[in-house]
Amino acid sequence: MRGDDITLPQGVEIKGPMKSGYESILTPEALRLIADLHRRFEAERQRLLSARTARQYRLDQGEERLGFRADTADIRAAEWRVRPAPADLIDRRVEITGPVDRKMIINALNSGAKCFMADFEDASCPAWSTMIEGQINLRDANARTIDFTDEASAKAYALNAQTAVLLVRVRGWHLDEAHIQVDGQAVSGGMFDLALYLLHNHAALKAKGSGPYMYLPKLENHLEARLWALVIRQCEIALGLEAGTVRTTVLIETLPAAFEMDEILYELRDSICALNAGRWDYIFSYIKRLKASPDAILPDRAQVTMAVPFMAAYARHLVTTCHRRGAHAMGGMSAFIPVKNDDAANEAALDKVRSDKTREAQLGHDGGWVAHPALVPVALEAFDASMSGPNQLDTPGQGLASVDELLTPCAGQITEAGIKNNMDVGLRYIAAWMSGRGAVPIHNLMEDAATAEIARAQLWQWRHHGAKTQDGKAITEGYLRACLESVGQAIRAELGAFAWSEHHFDKAEALLMSLVLSKDFAEFLTLPAYESVKTIG
C-alpha cells in the first residue's frame, strides 16, 4: 500500500511507505486533523524555535543572563492552583518508561508500576515504522487487544487484569515528522504524535474511566507551554471533547524552563497535573545554554549526580513550586538497570536505585521513574517508606532556589576515563539510534538520547574551553581524536569488523567527531542523525 492508494486531504502527502495496518492510523480524519493543526500553529512553532536561537546568541554574547522573569513576577507571586489530577493519576509513586514497541508496552503495563510512560521521544528512534507501529501498539493496548509472541523463544505476552496507567510522551517542538507533509512542509513530530493518539484512543480511555494523559518534553519557556495549550484545546474542539479532557505532565529538562516553572504551570493550568525533573536532559541543557561560559564547565558525567548543589537546588525548587500549585512533583530516571550473571554488581545497582528513590521521596517528590520492571519493587519500597498516602501534595517542599544556586556548576574532575566513557557511550548509542533503537543498555546503564547528548556536549565543552584532565593533559582536537581512535578500536575488537560495519559505527563515529569538533554547537544530535533514519521503513 502507498500513500497515493488512500484518499488524502487537500495538500497532504505521505512520504513514508504504507504497510498493512497503517491505513487504520493514517485515516482521512486523522490527516485532516494533522493538516489543520499544522496550518494553525506551524508558524508559531517556527517563531518559537527561532526565539530559542536568538536567545542563545544573547547568552553567548553576554547580553543576557538566565534568571527569573520580571514581566511574569505577578504570576509567581499570586495564589492560584492547577486543576486536581484525575482519579487514576492521584498515585504516581513509581512510573516506568520505555519505547513504544509491542513487547515493551505489555511488560511495562504489567510491571506493577503505578504508571507507564510510553515514549515517542528520547527512548525511541523516530523511524517511520516505529512511529506508526507505536500508535498501533498503543491503540491495541488501550483496547486490551494487544499481544505479542517472541519468535526466538515462542513466549507469548498479554496484558494482566490490572495494569499501569498509560501516559504518552510526544516529540518535542524541535522535531519534525518528515514523512507527512502539509502544503509542502514537514509537520511537527509532537503535533503528529498528539493528534494520532488522541483521535484513536480518547473513546476507549473514557470508557474505562481514564483519559489521554500526555508528557510534554523539552519546553524552554512558558510561551512554548502556551502553544501546547492552544494545540491541545484545538484537538479537543475538533474531536468534540470537553475542555480539560487531555491531562498533561511537563518535563522540566531545560535550564531556561527551571526559571519558569510557575509560568509553565499557569499556561497549562486547565490540563497540567505535574512537572517532572528530567535530570539527564537538564544536565545537557545546562551545558548547552551556558556553553560560552568558561565558568560553567562540568566534571565527568558520573560526578554530576542529583546530590551536587545545582542539581539538588533544581529538584528542591521543582517540588516546592509544584506543591504550592497543587501539582504532582515527579522525580527523574535512575539510569541503573539489573546486572545479569553478577550478583554483587546487581545488588550494587539495586542499592543505587534504592538510594536515588529514597532521596526523591524524602525531598517530597510524589513519584519517580525506573527503566526496568525489576526495579519497580525497589522504587515502590523507597516511596512507601516515606509516603503515608498516595502522594505528598500536602508537603510544602524545602524552599525555592536562587538564581545563583541554579547556575553555579559543581566541583569535580575531568578524567581520561570520563572522556573515553563519553566517547564509548556516544558511539554505541548513535550507532544503535541509526539502526532504529532509541533506548540502549550500555555498561549496565540504560542510555537514551538525553544521556548521549550529555556525552557529546561535554566533549565539545571541554575542547572548546581548552579544559585539562586531572593529570594536566590539554583536551585538544588531537587528544580527542587519539582517544576516539582508541575507543573505536576497542569496540571493533569486541564486536568484530562485520558488526561494526553492519551497525553503522562508521557513520556514528563520523557524526560524533563532527559534533565534538564543530565550531558551532549543534542544538540536538538527533537533528543531523535524523537524516540517517528517514529511509528506515
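In which helix is L199 found? The points below take up this residue and its surroundings after the sheets have been described.

1. Status of the model. This is a predicted model, and the points that follow should be read with that in mind.

2. The barrel. In this structure, 8 strands close into a barrel, and their order is β2-β3-β6-β9-β10-β11-β12-β13, with parallel pairing. From one strand to the next, the twist averages 25 degrees. For a reader new to sheets, it helps to recall that strands of a sheet pair through backbone hydrogen bonds, in either a parallel or an antiparallel way.

3. Strand β3 and its partners. On one side, strand β2 (residues 94–98) is joined to β3 by 4 bridges, and the two run parallel; within this pairing, T97 has M117 of β3 as its bridge partner. Between these two strands the chain passes through helix α3 (residues 102–109), and the resulting β-α-β crossover is right-handed. Strand β3 also pairs with strand β6 (residues 165–169), again in the parallel sense, over 5 bridges. Here M117 has L167 of β6 as its bridge partner, while A118 is partnered by V168 of β6.

4. Burial of β3. How many of the 5 residues of strand β3 (residues 115–119) are buried? The count is 5 of the 5, so the strand is largely enclosed by the rest of the structure. Both of its faces are covered, since C115, M117 and D119 on one side are buried, and F116 and A118 on the other are buried as well.

5. The open sheet. A separate description is needed for β1, β7 and β8, since these 3 strands form an open sheet in the order β1-β7-β8, with antiparallel pairing. Strands β1 (12–14) and β8 (185–188) stand at the edges and have a single partner strand each, so one side of each is left without a neighbour in the sheet. Neighbouring strands of this sheet are turned by 55 degrees against each other on average, with direction ignored. Looking at one pairing in detail, β1 and strand β7 (residues 176–182) are linked in the antiparallel sense over 3 bridges, and I14 stands opposite I180 in β7. Helix α1 (residues 28–60) lies across β1, β7 and β8, and it runs at about 95 degrees to β8.

6. Helix α6. This helix (residues 222–238) has 17 residues and reaches 24 Å from its first C-alpha to its last, which is close to the 24 Å expected at 1.5 Å a residue. Many positions could be listed, but the buried residues of α6 include H222, L227, W228, V231, I232 and C235. The buried residues of α6 pack against α1, α5 (189–207), β9 (213–216), β10 (247–252) and α8 (261–267).

7. The residue asked about at the start. L199 is found in helix α5, and at 13% relative accessibility it counts as buried, the cut-off for that word being under 20% relative accessible area. Leaving aside residues up to four places away in sequence, L199 touches E29, A30, L33 and L239. The C-alpha atoms of L199 and E236 are separated by 9.4 Å, although these residues are 37 residues apart along the chain.

8. Cysteines. Why does C235 form no bond with C273, which holds the closest cysteine sulfur? The sulfur of C235 is 17 Å away from that of C273, too far for a bond, given that a disulfide requires sulfur atoms within 2.5 Å. The structure as a whole holds 0 disulfides. C235 is buried, with a relative accessible area of 0%, and C483 is also buried, with a relative accessible area of 4%.

9. Two residues with a positive phi. K218, which is not a glycine, has a positive phi of about 60 degrees, and it is found in the loop between β9 and α6. N341, also not a glycine, has a positive phi of about 65 degrees and lies in the loop between β12 (328–333) and α11 (343–363). Are these two loop residues buried or exposed? K218 counts as buried at 4% relative accessibility, whereas N341 is exposed, with a relative accessible area of 83%.

Key
Residues numbered from 1 in each chain as written. Predicted model: local features only at pLDDT ≥ 70, side-chain atom pairs only at ≥ 80, totals over all residues. Heavy atoms only, no water. Pairing = 2+ DSSP bridges. Axes fitted to C-alpha atoms, helices over the stretch in contact; angles between N-to-C directions. Contact = heavy atoms within 4.5 Å. Buried < 20%, exposed > 50% of the residue type's maximum accessible area, 1.4 Å probe, protein only. Right-handed = clockwise from strand over helix to strand, strands pointing away. Expected span 1.5 Å × (residues − 1).
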